[in-house]
Amino acid sequence: MTFSENIARLRPSATVAVSTLARKLAAEGRDIINLGAGEPDFDTPEWVSAAAIDGIRAGRTRYTPSAGLPELRTAAARYMTAGTAYPADGARVVVSAGAKQSLFNACFCLFGPGDEVLIGSPYWTSYPEMVTLARAEPVPVAGSENLDFLLTPEDLDGVATPRTRGLILSTPSNPTGAVYSKDQLGAIAGWAREHGVTLISDEIYQEIHFGDEGGKAPGALDLDPETVGDLVVTNGMSKAYAMTGWRVGFSYTTPELASKMSAFQSHVSLNAATPSQVAALEALTRSDDAARDKARMLAAFRRRRDLVARLFDELLPGCPYILPGGAFYLYFRVDGAFNDKLTCANDVCARILEESGVAIVPGEAFGDTRFARMSTASSDEEIEAGVRRMAAVLGG
């Protein structure tokens with residue numbers, strides 16, 4: 001069988017592969033602690049699930065418009081633009097089967113052969129693949145480690161060419177947990193506007209934010225629209241609402257681009273599952289109940305962030321890490337363990353899994369062979385046991 005050139009460079013998701021292997025080993029009887037997963041370990045709030053069940057019983061199981069239920073598009077627009085100068089216009093929103101599809105919709109509708117797309121590095125593993133599937137060229141751009149890899153206009157100046165059409169970044173970042181300040185985002189957005197580059201800001205972890213000021217992490221929509229050029233912001237229900245399997249994401253952009261993305265989606269998946277949209281609408285409209293449950297989960301993520309940092313300081317001083325300002329990961333160096341047999345993060349993570357039964361994701365998935373990522377979306381007990389097992393392998 002001959003395969004299309006469209007997928008010639010396609011690689012499976014490394015993060016999904018780690019979780020799949022961890023589950024396989026556990027099913028075989030191995031004592032596995034899976035710290036590779038990129039999803040909350042909390043159940044979806046019961047009242048959200050109940051809304052979907054009620055919707056199913058009421059017959060809300062048919063197709064919706066490709067861009068999503070009109071009332072959900074409006075609710076998502078209000079959610080994303082609250083406190084900003086951007087209009088809460090549902091015509092700017094496309095509801096998709098997860099924020100991953102929202103990102104792919106944007107890449108496929110904006111980029112093509114001959115285009116270059118800058119990607120903040122370390123990056124979420126799917127960004128380069130999405131750009132490649134659009135037949136464009138992904139160009140990783142690494143910020144300074146001293147700035148937690150956050151990009152500056154100077155970093156972008158060093159790699160931009162006349163073919164540069166887009167820039168993708170995430171804040172809070174997966175895998176580092178680093179968070180752009182409003183001023184830093186403003187500088188990046190200003191650079192993109194000046195160079196005629198579309199900024200795609202992935203803000204799926206926006207509400208999992210540990211800043212002292214509280215509230216959501218700063219986002220691109222917090223900027224003055226007069227200072228921002230072409231922009232796509234993606235978000236969704238997966239992380240803050242513990243709704244990963246429901247597959248509901250959304251994008252916010254111009255009505256013109258939203259219309260193009262909706263038309264594209266109509267030929268790919270049509271609409272996100274209708275019961276999932278009903279659940280998402282309930283979650284976005286019952287704000288008091290949602291605030292209570294999100295605060296409970298955020299408190300746990302903050303406690304776990306502090307726990308894993310303390311454990312690394314105590315047990316793994318040879319593995320420097322980036323203290324995350326958001327999300328639920330710890331991104332740490334493993335190159336101190338390199339030797340003749342362990343020459344990259346893949347090797348180190350494979351040994352950790354083999355000898356200690358702890359699954360983490362090697363930095364190759366994120367564009368840097370010196371690092372690894374562990375998830376803190378596990379119980380305190382699993383996190384502590386996992387770090388202690390890793391320390392036994394890495395030698396402290």
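This report walks through the cavities, some unusual backbone spots and a surface patch of one protein model. Keep in mind that the model is predicted.

**Spaces inside**

Let's start with the cavities. The count comes to two of 30 Å³ or more. The largest cavity has a volume of about 110 Å³, while the second largest holds about 60 Å³ of space. Here is how their linings divide up:

| Cavity | Volume | Nonpolar lining residues | Polar lining residues | Charged lining residues |
|---|---|---|---|---|
| Largest | about 110 Å³ | nine | six | one |
| Second largest | about 60 Å³ | five | no | three |

Who surrounds the largest cavity? Its lining is made of 16 residues, and G120, P122, S170, S173 and Y180 are the ones nearest its centre. Two strands, β3 (116-121) and β5 (164-170), each give at least two residues to this lining. The largest share comes from β5, with three residues.

The second largest cavity has its own set of neighbours: E207, I208, K239, A240, K294, M297, L298 and F301.

**Backbone oddities**

Now for the backbone. Most peptide bonds are trans, and most residues other than glycine have a negative phi. A few places here go the other way.

Look at P122 again, one of the residues nearest the centre of the largest cavity. The peptide bond leading from S121 to P122 is cis, with omega near 5 degrees. P122 sits in the loop between β3 and α5 (126-133). Another cis bond links T171 to P172, where omega is about -15 degrees. You'll find P172 in the loop between β5 and α7 (182-194).

Then there are two arginines with positive phi. R135 has a phi near 70 degrees, and its place is in the loop between α5 and β4 (137-142). For R247, phi is about 60 degrees, and this residue belongs to the loop between β7 (231-236) and β8 (249-252).

Are these arginines buried, exposed or something in between? R135 has 40% relative accessibility, so R135 counts as partly exposed. R247 is partly exposed too, because its relative accessible area is 32%.

**A patch on the outside**

Finally, head to the start of the chain. M1, F3, I7 and L10 make up a nonpolar patch on the surface, and together they have about 500 Å² of accessible area. L10 lies in the segment before α1 (14-27). Its relative accessibility is 41%, which means that L10 counts as partly exposed.

Key: Residues numbered from 1 in each chain as written. Predicted model: local features only at pLDDT ≥ 70, side-chain atom pairs only at ≥ 80, totals over all residues. Heavy atoms only, no water. Patch = residues over 30% accessible without salt bridge, like charges linked within 9 Å, V, L, I, M, F, W, Y side chains within 5 Å. Areas by Shrake-Rupley, 256 points an atom, 1.4 Å probe, with all protein chains shown as cover. Salt bridge = Lys/Arg side-chain N within 4 Å of Asp/Glu carboxyl O. Helix = DSSP H or I, 4+ residues; strand = E, 2+ residues; numbered from the N terminus. Buried < 20%, exposed > 50% of the residue type's maximum accessible area, 1.4 Å probe, protein only. 1 Å grid on protein atoms, 1.4 Å probe; cavity = no way out; pocket = protein on both sides within 12 Å on 5 of 7 lines; lining within 4 Å. Points joined across faces, edges and corners; volume = space filled by probe spheres on them. Nonpolar A, V, L, I, M, F, W, Y, C, P; charged D, E, K, R; others polar.
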